[in-house]
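Visitor: Please take a close look at one part, the surroundings of ligand 1. Kindly state each criterion as it comes into use.

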Amino acid sequence: MMQEAALPLGLRLRLLAEGPETSAALAVPGAEVGDFTDPDAVVAFAAGLDAVTFDHEHVPTELLRRLADAGVAVRPGPEALVHAQDKAAMRERLTALGVPCPRWRVVASPAELTAFAEEAGWPVIAKTSRGGYDGKGVWKVDAPADADAPFAALAGPQGPTEAQREADPSVVIVAEEFVDFARELSVLVARRPGGEAVAYPVSETVQRDGICHETTTPAPGLSPARAARLQEMALGVADALGVVGILAVELMERRDGEVVVNELAMRPHNTGHWSIDGAVTSQFENHLRAVADWPLGATDPVAPVTVMSNILGGANGDLVGSLPQVLADPRVRVHLYGKAVKPGRKVGHVTVCGTDLATTRDAARAASDLLEGRTHG
Ligand SMILES: Nc1ncnc2c1ncn2[C@@H]1O[C@H](COP(=O)(O)OP(=O)(O)O)[C@@H](O)[C@H]1O
Ligand SMILES: [Mg+2]
């Protein structure tokens, strides 16, 4: 999706891809295949590039420092990016900045996790500080008997890869108060190296099992004043951390309306995919403009409401085969990623822009249901 935004801007992307069949490698001509944790591969790749950016955050911080020290324009830079890579660093910094967070603590053992839960109240959430995504590395801990699991997984397949542990042995468990949220929200900003920044409208997001399923923008029922405060908060975080590119701030809204930060991402984010069809300038374009240090584009929505629904791999192995039915609704915008369909894997998304929340949401859900191989009822 970054390539789709790069072409009309005349930007030439070069890609270091994990494999030749990844969706990014299918989109970017001449993609190089290499290991993003291998210093030699990354340093050689970066030679001669005007700037380096990412579509995930798992490149080791030390390696990025090396690139930055060697004069490569790494955007966002390692000192900012660490707050999207390391949930302990993120909590520490946000707390120091006075940004509202759930109650949290780094815990070194099941006993410390249990002690935290006795203070904060059961259940609690435990997360690996590094290497998680799509809910991998997040546990709900209901009772002392569950307190071992996160620590066991640090060494297991759900934890960071061996290469990541080697590159950074500082993976810890972060305990958090369980926030019984009314809903999750997300706010994206784009920021240039000199500080110019823009904020997107706040989205309501729905995650199931740690995976984003749907977003609605602007978030229904959020007053303009509260939305503006969240945008200001995100702009403030981007500025304090020196972010370049997109910063996504994932939020949880408590039942009393108070909003706390869940985590940060520094890249075009799933909760901003709506902006491809639903905003004057997509998050991908603004990410690239920011990374290139060019003026940023308008973030205004193009419709009263935009709903994005992810397509997760399921019963339907033939996404393209179901398109005639899906496209029969002319409002539906389909984005397939060219990935092999595997259960639960994000293989695309659909977007519908509309004037009315209920019918717009229904149209987006109908389209993703069809693409996932369910009949819409
Ligand atoms: N403290 C918390 N209280 C309640 N739910 C949480 C908490 N932290 C995370 N979650 C839930 O778990 C999901 C994944 O957590 P997150 O830290 O965003 O992990 P990931 O890096 O996998 O996205 C969140 O979107 C939210 O639904
Ligand atoms: Mg998350």
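Guide: A polar contact is a pair of N or O atoms within 3.5 Å; inside the protein, one atom must be able to donate a hydrogen and the other to accept it, and residues adjacent in sequence count only through two side-chain atoms. The model is predicted, so local features are given only at pLDDT of at least 70 and side-chain atom pairs only at pLDDT 80 or more, while totals for chains, interfaces and linings use all residues. Residues are numbered from 1 along each chain as its sequence is written, chains are lettered from A and ligands numbered from 1 in the order in which they are written, and side-chain values use heavy atoms, with hydrogens and water left out.

With that criterion, a polar side-chain atom of Asn 262 lies 2.7 Å from an oxygen atom of ligand 1. The side chain of Glu 250 places an N or O atom 3.1 Å from an oxygen atom of the ligand. Asp 134 takes part through its backbone, an N or O atom of which is 3.1 Å from a ligand oxygen. Taken alone, ligand 1 exposes 550 Å², and the protein buries 91% of that area (Shrake-Rupley method, 1.4 Å probe; for residues, only the protein chains shown count as cover).

The elements that each give two or more residues to the shell are β4 (124-128), β6 (173-177), β11 and β12. Helices here are DSSP runs of H or I with at least four residues, and strands are runs of E with at least two, numbered from the N terminus. In total, 18 residues surround ligand 1, the closest being Lys 87, Lys 127, Gly 135, Glu 184 and Asn 262; a residue counts as near when one of its heavy atoms lies within 4 Å. By class the shell holds seven nonpolar, three polar and eight charged residues. In this scheme Ala, Val, Leu, Ile, Met, Phe, Trp, Tyr, Cys and Pro are nonpolar, Asp, Glu, Lys and Arg are charged, and the others, Gly among them, are polar.

Glu 250 also belongs to the metal site. The protein donors of the magnesium ion (ligand 2) are Glu 250 (OE) and Glu 263 (OE), at 2.0 to 2.3 Å from the ion. Donors are N, O and S atoms within 2.8 Å of the metal, or 3.2 Å for Na, K and Ca; water is not among the atoms, so sites may look incomplete. Because Glu 250 lies in strand β11 (residues 245-253) and Glu 263 in strand β12 (residues 259-265), the pair ties together parts that are 13 residues apart in sequence. Glu 250 is buried, with a relative accessible area of 13%. Buried means under 20%, exposed over 50% and partly exposed in between, with a 1.4 Å probe and protein chains only.

Asp 134, by comparison, is partly exposed at 28% relative accessibility. Asp 134 sits in the loop between β4 and β5 (138-141), and its phi is near 45°, a positive value in a residue other than glycine.

Asn 262 has a further partner. Its backbone oxygen lies 2.8 Å from a polar side-chain atom of Arg 91. Arg 91 belongs to helix α6 (residues 87-97) and is buried, at 0% relative accessibility. Contact means heavy atoms within 4.5 Å. Leaving aside neighbours within four places in sequence, Arg 91 is in contact with Cys 101, Pro 102, Trp 104, Glu 176, Val 261 and Asn 262.

Met 252, in strand β11, is buried as well, with a relative accessible area of 8%. Neighbours within four places in sequence again left aside, its contacts include Pro 102, Glu 184, Val 261 and Asn 262. Met 252 and Cys 101 are 151 residues apart in sequence, yet 9.3 Å apart in space, C-alpha to C-alpha.

Strand β12 and helix α6 also appear in the packing of helix α5. They are among the elements that cover the buried residues of α5, together with α4 (61-69) and α10 (224-241). Seven of the eight residues of α5 (residues 78-85) are buried, so this helix is largely enclosed by the rest of the structure.

One backbone detail may be added for strand β4. Pro 123 lies in the loop between α7 (110-120) and β4, and a cis peptide bond joins Trp 122 to Pro 123, with omega about -10°.
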